[in-house]
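Thanks for asking me to look this one over. Here are my notes, point by point, to read alongside the coordinates.

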Amino acid sequence: PGDAALKTMLPLNVGWAPEIFSGAPALLFFTKRSSAEEIHQATALLESALLVDGQGELPLRVAFLNPRRDQKMLQKLVRRHLKPDTPPKELLGLRDGKRFVTLPADDERGFTPEEIRSFAEALVADRLVPFFSSEKPVEPPIANVDGTPTFKAYSAQRDNFNSIIENPFGADNLVYFFSFPCHHCYQVSSLFSKVTDVFQEDKYMWFPRYNLGFNEPPASLPNTEAPGLIFFPHGDPPGEFPLD
């Protein structure tokens with residue numbers, strides 16, 4: 001309810017990840033609750049920012065996200081550790097599988113219509129710098145007392161990629177390269193999860209996922225595309241699995 005008033009925009013269901021990340025740029029606006037009153041207030045703010053007489057309509061889609069209802073999605077989009085009752089202060093934009101973030105000039109006041117309009121125009125014009133995951137690196141596993149890894153690597157980023165592949169435990173890695181707008185990736189993801197379940201008890205076979213939309217490709221693999229599966233046997237050259 002409420003967002004239908006945004007005549008130039010398509011309401012989104014945040015569960016449809018491929019549709020959010022592909023097509024026209026998307027603007028994600030965070031609310032504390034999913035009440036009609038709060039969404040109406042957010043809609044009024046967005047209308048005053050984006051539907052301005054004489055400035056033209058922007059080819060944008062808008063989704064309202066709630067930190068309790070959409071916690072898993074927000075943890076992927078914004079940051080891993082997010083309290084369910086605290087909406088992010090950021091305004092989030094998505095374009096071509098990449099993520100763009102801005103903060104209000106005044107945290108207490110929140111975003112002004114002018115700040116939202118400026119961010120939206122830059123998003124549509126492709127003038128923004130992507131916000132990559134390396135701003136909060138994922139730490140690689142460390143050793144237990146018995147020398148075994150504390151956990152299996154579950155996520156890889158450009159800044160920790162080599163430390164995972166060249167880990168001191170002798171663990172092999174099957175790295176899954178994906179991006180959110182890639183429809184084929186959703187088919188591969190379910191199969192990849194089944195494979196990881198088979199090796200759940202094997203501490204020396206890791207299955208990190210690498211998001212090519214939120215990270216630049218690894219320096220050693222600059223032409224990697226999604227979906228991609230590359231096996232890195234510890235100490236030996238990697239081998240790519242064809243996904244045709």
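1. Let me begin with the secondary structure. The protein chain has nine strands and six helices. Please keep in mind throughout that this is a predicted model.

2. On packing, 44% of the 244 residues in the protein chain are buried. Take the contacts between residues at least 6 apart in sequence: 67% of them join residues at least 24 apart.

3. As for the outside, the accessible surface of the protein chain amounts to about 13100 Å². Carbon and sulfur atoms account for 54% of that surface.

4. One spot you may like to inspect is a nonpolar surface patch formed by Val195, Val198 and Phe199. Together these residues have about 250 Å² of accessible area.

5. Within that patch, Val198 deserves a word of its own. Val198 lies in helix H6, which spans residues 183-198. Is Val198 buried or exposed? Val198 counts as exposed, because its relative accessibility is 66% and the cut-off for exposed is over 50%.

6. Now to the cysteines. Cys182 has a relative accessible area of 11%, so Cys182 is buried, given that buried means under 20%. Cys185 is buried as well, with a relative accessible area of 1%.

7. How many disulfides does the count come to? The count is zero, where a disulfide would need a pair of cysteine sulfur atoms within 2.5 Å.

How values were computed
Residues numbered from 1 in each chain as written. Predicted model: local features only at pLDDT ≥ 70, side-chain atom pairs only at ≥ 80, totals over all residues. Heavy atoms only, no water. Buried < 20%, exposed > 50% of the residue type's maximum accessible area, 1.4 Å probe, protein only. Patch = residues over 30% accessible without salt bridge, like charges linked within 9 Å, V, L, I, M, F, W, Y side chains within 5 Å. Areas by Shrake-Rupley, 256 points an atom, 1.4 Å probe, with all protein chains shown as cover. Salt bridge = Lys/Arg side-chain N within 4 Å of Asp/Glu carboxyl O. Helix = DSSP H or I, 4+ residues; strand = E, 2+ residues; numbered from the N terminus. Contact = heavy atoms within 4.5 Å.
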